[in-house]
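These are my notebook entries on one structure. I began with one residue, then turned to its annotated partners, the nonpolar cores and a sheet.

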Amino acid sequence: MTATNTQQRVVIIDTGCANVSSVRFAIERLGYQVKVSKDPEVVLAADKLFLPGVGTASEAMQNLQQRDLVSLVKQVTKPLLGICLGMQLLGKESQEHGQNGSEIIPCLDLCDASVEKIQAEGLPLPHMGWNTITPEDNHPLFKGIPAGSYFYFVHSYAMPVFDHTAQQGGKTIASAQYGQSFTAAVQSGNYYGVQFHPERSSKAGAKLIQNFLEL
């Protein structure tokens, strides 16, 4: 890795709905400096951005609105990686409403897919633990990651597998299986998302984060 590579401005967007320290440590272990910020100047000046999230879509979207982050995230032109709930927030809408009834939650609408409860076919929810993924051939996010690599998942909701183009509407760039096939990674233009936790996925996860930082 060249010195100039590690001198990129890397920002974790401070959504208020994620423990960012494990993502931060995973990036720092690769030799990069990281800022955690919701300041528009810092966010829009970044070379690479991370959008982590835990909890429900309804709580997370409320947090983003309260922090004036909805329009800010949509203004980003550099590569952004949503992680777990952060990936789901890139979609059009989510069924994950927490305790407050059954309304559909509008999300960031940065890729043309909805987030639905996993049809687990009798398997326990949440889908929690290690699972393999099937990445798109030759996608740079999965460069050097062997087929059959395991990643760490914790979720009950997911995007279905879908395919527009990566530039318009987005598409699934990796799938996984848990009772049904679902999107494990997505790309829509400069927005990327992974349903698993790369920061908790050992060597394969570290390699994916490195690949993203080197895009």
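**Entry 1: Glu199.** I looked up whether Glu199 is buried or exposed. In this predicted model, Glu199 has a relative accessibility of 13% and counts as buried, because the cut-off for buried is under 20%. I located Glu199 in the loop between β14 (191-194) and α7 (202-213). Leaving aside residues up to four places away in sequence, I found that Glu199 touches Ser22, Val23, Ala26, Ile83 and Ile209. I also noted a polar contact of 2.8 Å between the side chains of Glu199 and His197.

**Entry 2: the annotated site.** I then consulted the UniProt record. Its unreviewed entry places the feature "active site" at Cys84, His197 and Glu199. These residues are spread over 116 residues of sequence, yet they cluster in space, with a largest C-alpha distance of 10.8 Å.

**Entry 3: Cys84.** I found Cys84 in strand β4, which covers residues 80-84. Its relative accessible area is 8%, so I recorded Cys84 as buried. Which residues does Cys84 touch, not counting those up to four places away in sequence? I listed Gly53, Val154, Val194, Gln195, Phe196 and His197.

**Entry 4: nonpolar cores.** I noted the general rule that nonpolar side chains tend to be buried together in soluble globular proteins. Here the largest nonpolar core has 37 residues, and Ile27, Phe50, Ile133, Phe142 and Phe196 touch the most other members. Among the elements that give two or more residues to this core are β1 (10-13), α2 (21-28), β4 and β14. The most comes from α7, which gives five residues. I looked at Ile133 in particular: beyond residues up to four places away in sequence, its contacts include Phe142, Phe151, Phe153, Ala184 and Phe196. A second core, separate from the largest, has 32 residues, including Ala57, Leu80, Ala113 and Phe162.

**Entry 5: a four-stranded sheet.** I traced an open sheet of four strands, in the order β6-β5-β7-β11, with mixed pairing. Why is one side of β6 (105-106) and of β11 (157-158) left without a neighbour in the sheet? Both stand at the edges, and each has a single partner strand, so one side of each stays unpaired there. Between β5 (residues 93-94) and β7 (residues 114-117) I counted two bridges, and these strands run parallel. I recorded Glu93 as standing opposite Ser114 in β7.

Methods: Residues are numbered from 1 along each chain as its sequence is written. This is a predicted model: local features need pLDDT of at least 70, side-chain atom pairs count only at pLDDT 80 or more; totals for chains, interfaces and linings use all residues. Side-chain values use heavy atoms; hydrogens and water are left out. UniProt positions are given in the numbering used here, feature names are shortened, and annotations may be inferred rather than shown by experiment. Buried means under 20% relative accessible area, exposed over 50%, partly exposed in between (1.4 Å probe, protein chains only). Contact means heavy atoms within 4.5 Å. A polar contact is a pair of N or O atoms within 3.5 Å; within protein, one must be able to donate a hydrogen and the other to accept it, and residues adjacent in sequence count only if both atoms are side-chain atoms. A nonpolar core is a set of buried Ala, Val, Leu, Ile, Met, Phe, Trp, Tyr and Cys residues joined through side-chain atoms within 4.5 Å. Two strands pair if DSSP finds at least two bridges between them.
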